[in-house]
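Here are my notes on this one, point by point. Have the coordinates open as you read.

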Amino acid sequence: MKINTALVLLCSQLIFVSCKKDDKKPVQDQPAIVKDSVKTATTEEEIDFKNFNIYNVSTIQRKDLMDTFISVSDIYNGKDAIPADFLKKQKEVPFEKMAYIELDAPYRKKVLDGIHVAENDFLYLYNYETNKLQKIPVNKLKAVAYLSPYIIEGTEVDAESYMVGFQVDTQKGTDIFDRYMNVIAYFGSKNPFIENKMKMIKWEKAGSDIQKKYFSGSTLKYGGTYQYKYENLTYYIQDLLEEYGPQERKLVVIDDHNQKIFEKTFTIEDGAEFTPLEKMPNEETNYYAQWTGRLFKGKAPVVFNFITPSFGCHTITFLDKEKTELTINCDNRH
């Protein structure tokens, strides 16, 4: 028995993964904007967030090739995405040939219709670390399907065994992995991203007065208190500990008028872990960093990557009064 093609899910920290597809919910319609305290894009630039979906970029090994791939199976879960005749012949063809399918025009149309994307739309790939935006016509993308890496040889394969989506790139070598490390993807007619406004959070220790002012009253043991400045906002974060480490992580955001404009408590469950608050020793990438800034046109600033989920995908939190969250679709299944 051998495991299918290796799959590395890239989260733009955002590396964003889910077993429970029912947990993935699109962003709420028109999340509230914190006015005056938080700088946002102009009304003319606002993006319609109805049926708005963003995606993680994955890297899949296919023999000596490394493919970059965007799975849309979290949104399109139709059972008719894979040709029925192909599935019927699975006992007659090598397992390796079952692992990868290029979808022809009728099946490609089913996928595009299922995610409400047109051939004349674009794929926008935004690397928020390097501030590089790539725009690719949808009609230039290859519609493909890969077997889930958890399907082993000898298992009967059906349509739901496949991750369906679009191939972005393919090459030999692993350099492609780093290229898409901090990238999120969007399909549509307009670019939703604000460029060059995201920052990696570099936490510094805060004084004991901050702990008393904003985080008093917990029954848990107090860990470190840290701070970070972004434009007119100051972020404070407090670790609250149990015997084996952080149990809660509280975030408070203050504006330049010393008014509290946002607060949230992060907790872990279902095997999730807190993401370290700074880059791990000897780590060459910023995978472990938290990020903040203005990411989407017409919306409040965001923060993300405080928690690494085991079941579920990473979420982006808006600094608005509703604490709106946007899930990054990542097709995590295991």
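1. A cut-off first, since the next step leans on it: a residue is buried when its relative accessible area is under 20%. This is a predicted model, and V183, which lies in strand 9, comes out at 3% relative accessibility, so V183 counts as buried. If you want a distance to check by eye, try V183 and N131: the two are 52 residues apart along the chain, and their C-alpha atoms are separated by 9.7 Å.

2. V183 also turns up among the contacts of L125. Leaving aside neighbours within four places in sequence, L125 is in contact with V57, I70, K132, L133, Q134, I136, V168, Y180, V183, I184 and A185.

3. Now the packing. Which residues touch the most other members of the largest nonpolar core? They are I70, I82, L123, L125, Y162, F166 and F187, out of 39 residues in that core. Its suppliers of at least two residues each are strand 2 (54-62), strand 3 (65-71), helix 2 (95-98), helix 3 (105-114), strand 5 (122-127), strand 7 (142-147), strand 8 (162-171) and strand 9 (183-188). Strand 8 gives the most, with four residues. Another core lies apart from this one; it has 21 residues, including F49, Y186, V302 and I316.

4. Helix 3 has two sides worth looking at. Y107, R108, V111 and L112 are buried, and because they cover an arc of only 140 degrees around the axis, they sit on the same side of helix 3. That fits the usual pattern: an α-helix has 3.6 residues a turn, so residues three or four places apart point the same way. A105 and P106, on the other side of helix 3, are exposed. The cover over the buried residues includes helix 1 (84-88), strand 7 and strand 8. Have a look just after helix 3 too, where H116 takes a positive phi of about 60 degrees.

5. On to the aromatics: the count comes to 17 aromatic pairs. One of them is F296 with F318, a tilted pair at 6.0 Å centre to centre and 35 degrees between the planes. This pair links distant parts of the chain, 22 residues apart: F296 is in the loop between strand 17 (291-293) and strand 18 (302-304), and F318 is in strand 20 (residues 315-318). Are these two rings' residues buried or exposed? F296 is buried at 0% relative accessibility, and F318 is buried too, with a relative accessible area of 1%. Both belong to one aromatic cluster, together with F52, F122, Y124, Y126, Y186 and F193.

6. Two charges sit over rings. The charged end of K135 is over the ring of F122, 4.2 Å from its centre. R62 lies over the face of Y100, at 4.0 Å from the ring centre.

7. Last, a sheet. Five strands make an open sheet in the order 11-12-13-14-15, with antiparallel pairing. Strand 11 (204-205) and strand 15 (260-267) stand at the edges, each with a single partner strand, so one side of each has no neighbour in the sheet. Inside the order, ten bridges join strand 13 (residues 233-242) to strand 14 (residues 245-255), and the two run antiparallel. E242 stands opposite G245 in strand 14.

How values were computed
Residues numbered from 1 in each chain as written. Predicted model: local features only at pLDDT ≥ 70, side-chain atom pairs only at ≥ 80, totals over all residues. Heavy atoms only, no water. Phe/Tyr/Trp six-rings, centres within 6.5 Å; stacked < 30°, edge-to-face > 60°. Buried < 20%, exposed > 50% of the residue type's maximum accessible area, 1.4 Å probe, protein only. Lys NZ or Arg CZ within 6 Å of the ring centre and 35° of its normal. Core = buried A, V, L, I, M, F, W, Y, C linked by side-chain atoms within 4.5 Å. Contact = heavy atoms within 4.5 Å. Arc of directions from axis to C-beta. Pairing = 2+ DSSP bridges.
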